[in-house]
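I opened my notebook to get to know a new structure. Come along and look things up with me.

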Amino acid sequence: MAAYPVDPGDPDPSYLGFWRERHLCTLTTPRADGSPHVVPVGVTYDPEARLARVIANKSSRKVANILAAGPEGARVAVCQVDGRRWATLEGRAFVRVERERVAEAERRYAERYERAPSPNPSRVVIEIELTRAMGKAVAKAAGKS
């Protein structure tokens, strides 16, 4: 199966639809030694803003990895898979602590995952400024996985 490039600011309807379905995703961040740190996360995709968002605890390893990259942000990827369908978003990640940004990320998470995240005063949001997208997200046929 070939990878198909996607404009992260103007995805086709099947790609965007796939990112609106409820799926567990992975976030890959770089460790200090350059090796990948991959963890399961919930991700929301906002093509209009060219952002992907991940809510996280400020003391998590993924947040530490991004902060260690400095003011230029960390190059990261988020990915989701469902059978033969898959999608990856790539870009520069930044940790945001502003209450309105965290609240927006929580709102989007609740919409996609159909449940509000539990309260967490240590919550931050990882905002990924998207530079690349790819995948194969053909519309799912009824009754198939």
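**Entry 1: the cavity**

A note to self before I start: this is a predicted model.

I asked which element gives the largest share of the lining of the largest cavity, and I found strand 5, with 3 residues. My search of the whole structure turned up 1 cavity of 30 Å³ or more. About 30 Å³ of space lies inside the largest cavity. Strand 5 (51-57) and helix 3 (99-113) are the elements that give two or more residues to its lining.

Next I wrote down the lining residues: Gly42, Val43, Thr44, Arg53, Val54, Ile55, Ala105 and Tyr109. I sorted them by character and got 5 nonpolar, 2 polar and 1 charged.

**Entry 2: Arg112**

I moved on to Arg112, which I found in helix 3. Does a salt bridge partner turn up, or what is the nearest side chain of opposite charge? Arg112 is buried and has no salt bridge; Glu21 is the nearest side chain of opposite charge, 6.9 Å away. A salt bridge needs its atoms within 4 Å, so Glu21 does not qualify.

I then looked for what else the side chain of Arg112 touches. It reaches the backbone oxygen of Val43 at 2.5 Å. I had already met Val43 in the lining of the largest cavity. The side chain of Arg112 also makes a polar contact with the side chain of Tyr113, at 3.2 Å.

**Entry 3: salt bridges**

How many salt bridges does the structure hold? I noted 14.

I looked at Asp7 and Arg50 to begin with: they form a salt bridge, and their closest N and O atoms are 3.2 Å apart. This pair links distant parts of the chain, 43 residues apart. Asp7 sits in the loop between strand 1 (4-6) and helix 1 (13-20), while Arg50 sits in the loop between strand 4 and strand 5. Asp7 counts as partly exposed because its relative accessibility is 40%. Arg50 is partly exposed too, at 33%.

Then I turned to helix 3. Arg107 and Glu104 meet there in a salt bridge of 2.8 Å, N to O. They are 3 residues apart in the helix, so about one helical turn separates them. Glu104 also forms a salt bridge with Arg108, with the closest N and O atoms 2.8 Å apart. Here the spacing is 4 residues, which again means about one helical turn. I checked accessibility as well: Arg107 is partly exposed at 42%, and Glu104 is partly exposed at 24%.

Which residues are linked in a network of salt bridges? My list reads Asp46, Arg53, Glu104, Arg107, Arg108 and Glu111. I recognised Arg53 from the cavity lining.

**Entry 4: positive phi**

I looked at two backbone angles. Arg50 is not a glycine, yet its phi is positive, about 55 degrees. Glu114, also a residue other than glycine, has a positive phi near 55 degrees. Glu114 lies in the loop between helix 3 and strand 8 (123-136). Is Glu114 buried or exposed? Glu114 is exposed, with a relative accessible area of 69%.

**Entry 5: Ile126**

My last stop was Ile126, in strand 8. Ile126 counts as buried because its relative accessibility is 0%. I also compared positions with Ser14: Ile126 and Ser14 are 112 residues apart along the chain, and 25 Å separates their C-alpha atoms.

Notes
Residues are numbered from 1 along each chain as its sequence is written. This is a predicted model: local features need pLDDT of at least 70, side-chain atom pairs count only at pLDDT 80 or more; totals for chains, interfaces and linings use all residues. Side-chain values use heavy atoms; hydrogens and water are left out. On a 1 Å grid over the protein atoms alone, a cavity is a set of points where a 1.4 Å probe fits but cannot get out, and a pocket is an open set with protein on both sides within 12 Å along at least five of seven lines; lining residues have an atom within 4 Å of a point. Grid points are joined across faces, edges and corners, and a volume is the space filled by probe spheres set on the points. Ala, Val, Leu, Ile, Met, Phe, Trp, Tyr, Cys and Pro count as nonpolar, Asp, Glu, Lys and Arg as charged, and the others, Gly among them, as polar. Buried means under 20% relative accessible area, exposed over 50%, partly exposed in between (1.4 Å probe, protein chains only). Lys and Arg count as positive and Asp and Glu as negative; His and the chain ends are not counted. A polar contact is a pair of N or O atoms within 3.5 Å; within protein, one must be able to donate a hydrogen and the other to accept it, and residues adjacent in sequence count only if both atoms are side-chain atoms.
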